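Please open the model in your viewer and keep the sequence panel visible. The tour proceeds by selections, each followed by an account of what is to be found there.

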Amino acid sequence: MRYTLTILEKHLEKLAGIVFSVPECEGAAYLLCGHSYTGDEHRLLVREVVPVKDEDYRRREPLRLSIRSDSYSHVAKQAVATGSSILFVHSHPGGFADFSEQDDREEPELMRFFRNRAPHVVHGSLVLSSQDHLRARVWKGEDWEEMERVRVIGRRIRLLGPAPHGFEVSPFFDRQVRAFGNDIQRLLARLHVGVVGAGGTGSPVAEQLVRLGVGTVSIFDGDTLEESNVTRVYNSHVSQAGQNKANLQGASLSAIGLGTNVRVYPEHITTEAVAKRLRECDVVFGCTDKETPRASLVQLSLRYLIPIFDTGVKVDSEDGMIRDITGRVTTVMPGEACLFCRGRITSAGILNEQRPEEDRLRLVAEGYAPESQTRNPAVVTFTTAVAAQAVSELLHRLTGFMGKERVSTEVLHFFHDTNIRRNRVDPVPGCLCSNTELWGRGDASRDFLGQMWAA
């Protein structure tokens with residue numbers, strides 16, 4: 001079992017402010033974490049940062065801490081009430097970026113205390129020498145196991161922790177390394193990215209991810225290729241009409257030979273077992289034109305702290321005359337306005353999608369549902385451009401190449417106007433994305449992603 005940690009950038013900044021609040025003296029706090037159990041990974045998801053109160057310090061010195069037992073008891077009660085794991089965090093203000101011999105002697109007793117109080121979850125510790133240098137580990141009952149990686153999610157997406165032993169950057173990526181450097185190439189090789197939808201936008205997104213050197217790409221799509229799709233779907237041929245889109249992409253992308261592990265799920269993420277595979281990803285691209293899977297991706301982002309890059313293209317034309325062409329890339333993560341806030345998806349639209357066709361037609365006749373729309377126009381030029389913008393947004397989150405001031409979470413392309421706009425808005429009060437209780441909730445609830453699933 002691999003252990004990893006995911007923390008929001010805002011939580012890491014808060015944590016650093018607490019443990020470094022007294023210059024040159026150690027400080028401490030606790031992280032309450034939700035859980036995600038997937039295959040061989042146990043992912044701890046930071047839900048809350050709990051400071052050690054000033055009055056609970058017995059001693060706070062440059063090389064030593066002593067904390068009252070009441071502090072431990074209080075956080076243990078919170079952990080039991082929420083089903084959370086506890087990570088005990090302390091600083092090393094001198095810059096020593098590892099656990100000390102003193103930590104190794106004293107922390108096992110604290111772990112046993114937490115395990116006695118909250119026995120059904122794993123607990124651990126974290127040492128912070130700066131926001132960019134930390135080590136995390138979990139207590140296995142008799143010994144420690146180091147966390148394989150720490151994901152930091154926010155204005156930047158960072159993976160902290162030891163790099164795989166013996167990993168060397170392939171010469172295939174020489175030209176990219178000249179642009180972004182070896183470290184970013186190594187980071188790309190460690191990423192697992194999901195692509196939901198393998199059509200006009202999803203297929204060029206997946207193609208770019210593989211050619212960038214992303215380590216693992218998972219493709220989700222239950223649709224079959226139609227003849228009219230071939231004009232937009234990369235790696236497709238007219239002779240392949242009727243075959244599953246995800247399978248087509250998997251075969252073509254694996255054949256490129258750059259070392260990416262391409263995983264294929266030829267089903268829609270409206271199936272619970274398939275949707276649960278999204279928890280294995282570090283980042284997900286939403287490339288579907290349906291509202292129901294988009295709503296699931298919003299919940300995934302909040303509950304599992306996974307950034308979502310959602311895409312859309314709308315061509316408005318009448319009688320062969322284009323009126324406007326709009327492309328969109330929206331970045332969804334905790335603390336940012338979601339697709340519901342922005343009006344990109346609605347509860348009414350989701351409900352209408354899920355109705356059986358006969359029921360929907362009856363409601364249309366009664367005036368309670370919108371009439372069926374003809375298939376929207378689509379052109380490969382514009383779907384490809386939006387896919388490139390979406391992957392550029394990921395690269396910016398990884399590298400910051402667009403500048404520190406670039407913190408927008410939505411990019412709009414008005415192709416007919418040769419105009420690009422970007423924005424960042426706060427979550428709407430009362431929207432599910434403003435409910436911080438959902439952040440990092442993980443597998444705690446019986447209703448996966450807060451919804452009922454078909455048997």
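Begin by selecting V386 together with the residues around it. Setting aside neighbours within four places in sequence, V386 is in contact with T311, G312, V313, G327, R328, V329 and F415. This is a predicted model, and the contacts shown are those of the prediction. V386 itself belongs to helix α12. Its relative accessibility is 1%, so V386 counts as buried, the limit for that class being under 20%. For a long view, add L31 to the selection: L31 and V386 are 355 residues apart along the chain, and their C-alpha atoms are separated by 38 Å.

**Helix α12 and its partner α6**

Next, select residues 380-399, which form α12, and residues 202-212, which form helix α6; their axes come within 8 Å and cross at roughly 45°. The two helices, α6 and α12, are therefore oblique to each other. Their crossing is right-handed. Show the side chains at this crossing: P204, V205, Q208, L209 and L212 of α6 make the contact with T384, A387, A388, V391, L394 and L395 of α12. Coloured by class, the contact of α6 with α12 comprises nine nonpolar residues, two polar residues and no charged ones.

A general point helps in reading such a list. An α-helix has 3.6 residues a turn, so residues three or four places apart point the same way.

Now keep α6 alone. How many of the eleven residues of α6 are buried? Nine of them are, and α6 is mostly covered. The buried residues of α6 are G202, S203, P204, V205, A206, E207, L209, V210 and L212. Step past the end of the helix to G213, which follows α6 and has a positive phi, near 100°.

**A cysteine in a loop**

Select C287, in the loop between β15 (283-286) and α9. C287 has a relative accessible area of 10%; the limit for burial is under 20%, so C287 is buried. Beyond its neighbours within four places in sequence, C287 is in contact with V195, V196, G197, T201, G202, V205 and T311. Add T383 as well: it lies 96 residues from C287 along the chain, and the two C-alpha atoms are separated by 10.0 Å.

**The nonpolar cores**

Which residues touch the most other members of the largest nonpolar core? Select L209, V284, F285 and L300, which do so in a core of 68 residues. The element that gives the most to this core is α12, with seven residues. Centre the view on V284: apart from neighbours within four places in sequence, V284 is in contact with G194, V196, L278, L297, L300, I306, P307, I308 and F309. Apart from this core lies another, of 26 residues, including L5, L12, C33 and V122.

**Two further helix pairs**

Select helix α9 (residues 291-304) and helix α10 (residues 347-354), whose axes come within 8 Å and cross at roughly 125°. That angle makes α9 oblique to α10. On the α9 side the contact is made by E291, T292 and A295, and on the α10 side by G349, I350, E353 and Q354. The residues of the contact of α9 with α10 comprise two nonpolar, three polar and two charged.

Move on to helix α2 (residues 69-82) and helix α3 (residues 101-117), which pack at an angle of about 40° with their axes 9 Å apart. These helices, α2 and α3, are therefore oblique to each other, and their crossing is right-handed. Y72, S73, V75, A76 and V80 in α2 meet L110, F113, F114 and R117 in α3. In the contact of α2 with α3, seven residues are nonpolar, one is polar and one is charged.

**Two loop residues with positive phi**

Finish with E24 and N235. E24 is a residue other than glycine with a positive phi, near 65°, and is found in the loop between α1 (9-19) and β2 (28-38). Is E24 buried or exposed? Its relative accessibility is 65%, so E24 counts as exposed, for which the limit is over 50%.

N235, also a residue other than glycine, has a positive phi near 65°. Look for N235 in the loop between β13 (216-220) and α7 (245-254). With a relative accessibility of 27%, N235 counts as partly exposed.

Notes:
Residues are numbered from 1 along each chain as its sequence is written. This is a predicted model: local features need pLDDT of at least 70, side-chain atom pairs count only at pLDDT 80 or more; totals for chains, interfaces and linings use all residues. Side-chain values use heavy atoms; hydrogens and water are left out. Axes are lines fitted to C-alpha atoms, for helices over the stretch in contact, and angles run from 0 to 180 degrees between N-to-C directions. Helices (H or I, at least four residues) and strands (E, at least two) are DSSP runs, numbered from the N terminus. Angles under 35 degrees count as roughly parallel, over 145 as roughly antiparallel, 65 to 115 as roughly perpendicular and the rest as oblique. A crossing is left-handed if the near helix is turned anticlockwise from the far one by less than a right angle, and right-handed if clockwise. Contact means heavy atoms within 4.5 Å. Ala, Val, Leu, Ile, Met, Phe, Trp, Tyr, Cys and Pro count as nonpolar, Asp, Glu, Lys and Arg as charged, and the others, Gly among them, as polar. Buried means under 20% relative accessible area, exposed over 50%, partly exposed in between (1.4 Å probe, protein chains only). A nonpolar core is a set of buried Ala, Val, Leu, Ile, Met, Phe, Trp, Tyr and Cys residues joined through side-chain atoms within 4.5 Å.
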